Amino acid sequence: MIEKLETLRRIEEVGVVAVVRAENAEKAEKISKACIEGGIPAIEVTFTVPGADKVISSLKEKFAKEELIVGAGTVLDSETARIAILAGAQYIVSPGFDLETAKLCNRYQIPYMPGCMTITEMIRAMEAGADIIKVFPGSAFGPSFVKDVKAPLPQAPIMPTGGVSLENVDQWIKNGCIAVGVGGKLTAGAATGDYESISEIANQFVAKVKEARSK
């Protein structure tokens, strides 16, 4: 299978992408490890992390291909996307849509997930070859928004980030999301060094997604 399709398949299969933000590379790696141990192999290392490209490279060295699907987040431009891809990023996530980033990702057959808020943005992103539409910030809308979007755009593959919690993740999935992105609600334990709690919450998110899909 083409690697790009395999990456997308694996992300959709687990249904949860862990958004990793941290003040340093060491903490970012610890958060990532805790998420993987909790059953979330899809790790999005944001470029707000100092040395994010090195974190991506390090994770690729430490974890087997079967254990990890690593991507880069908060990618604002094609230059950053290229740095991330050279470091080993398997997908690129942006808070907004950028045409040059879309072109670069298409060129190298790397999935691109731009942040969109409106139907117009979503259509534009899909026309440019975006693989997953990241509804961002999800907290501004809530799960019902996805249902409304899917009426005129049933073909839109949607993944919300921001505003996703253990309490509402089932609603996001039931309303048509192929996956969810989770940051602070998953990784809060890192602030006190409680990485075990991250693994436990990761496990709960995966279970809730699976349960929502089975109903």
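**Exercise 1. Find the ring that Arg-82 lies over, and do the same for Lys-134.**

*Solution.* Start with Arg-82: it lies over the face of Tyr-108, at 4.3 Å from the ring centre. The test for a charge over a ring is that NZ of Lys or CZ of Arg is within 6 Å of the ring centre and within 35 degrees of the ring normal. Next take Lys-134, which sits over the face of Phe-136, 4.6 Å from the ring centre.

Before you go on, keep in mind that this is a predicted model, where local features need pLDDT of at least 70 and side-chain atom pairs count only at pLDDT 80 or more, while totals for chains, interfaces and linings use all residues. Residues are numbered from 1 along each chain as its sequence is written, and side-chain values use heavy atoms, with hydrogens and water left out.

**Exercise 2. Describe the peptide bond from Phe-136 to Pro-137.**

*Solution.* Look at omega: it is near -10°, and the bond is cis. Then place the proline: Pro-137 is in the loop between strand S7 (133-135) and helix H7 (144-150). Helices (H or I, at least four residues) and strands (E, at least two) are DSSP runs, numbered from the N terminus.

**Exercise 3. How many aromatic pairs does a search of the whole structure find?**

*Solution.* The search finds two. Here is the rule: rings of Phe, Tyr and Trp (its six-membered ring) pair if their centres lie within 6.5 Å, and planes under 30 degrees apart count as stacked, over 60 as edge-to-face and the rest as tilted.

Step one is Phe-97 with Tyr-112: the ring centres are 6.4 Å apart and the planes stand at 40°, so this pair is tilted. Phe-97 lies in the loop between strand S4 (92-93) and helix H5 (99-107), and Tyr-112 in strand S5 (residues 112-113), so the pair ties together parts 15 residues apart in sequence. Phe-97 and Tyr-112 are both buried (buried means under 20% relative accessible area, exposed over 50%, partly exposed in between, with a 1.4 Å probe and protein chains only).

Step two is Phe-141 with Phe-145, a stacked pair with 4.0 Å centre to centre and 15° between the planes. Now check the accessibility of each ring's residue. Phe-141 has 30% relative accessibility, so it counts as partly exposed. Phe-145 has 16%, so it counts as buried.

**Exercise 4. Work out how H4 packs against H5.**

*Solution.* Two packed helices are described by the angle between their axes and the distance between the axes. The axes of helix H4 (residues 78-87) and H5 come within 8 Å and cross at roughly 30°. (Axes are lines fitted to C-alpha atoms, for helices over the stretch in contact, and angles run from 0 to 180 degrees between N-to-C directions.) That makes H4 roughly parallel to H5, as angles under 35 degrees count as roughly parallel, over 145 as roughly antiparallel, 65 to 115 as roughly perpendicular and the rest as oblique.

Now list who meets whom: Ser-78, Ala-81, Arg-82 and Ile-85 in H4 meet Glu-100, Thr-101 and Leu-104 in H5. Contact means heavy atoms within 4.5 Å. Sorted by class, the residues of this contact are three nonpolar, two polar and two charged. (Ala, Val, Leu, Ile, Met, Phe, Trp, Tyr, Cys and Pro count as nonpolar, Asp, Glu, Lys and Arg as charged, and the others, Gly among them, as polar.)

**Exercise 5. Repeat this for H1 and H10.**

*Solution.* Helix H1 (residues 3-14) and helix H10 (residues 195-214) have axes 9 Å apart, at an angle of about 90°. H1 and H10 are therefore roughly perpendicular to each other. Glu-12, Glu-13 and Val-14 in H1 meet Val-206, Val-209 and Arg-213 in H10. The classes in the contact of H1 with H10 are three nonpolar, no polar and three charged residues.

**Exercise 6. Is Phe-63 buried or exposed, and which residues is Phe-63 in contact with, leaving aside neighbours within four places in sequence?**

*Solution.* First, Phe-63 is in the loop between helix H3 (52-62) and strand S3 (69-73). Its relative accessibility is 15%, so Phe-63 counts as buried. With neighbours within four places in sequence left aside, Phe-63 is in contact with Lys-33, Ile-36 and Leu-68.
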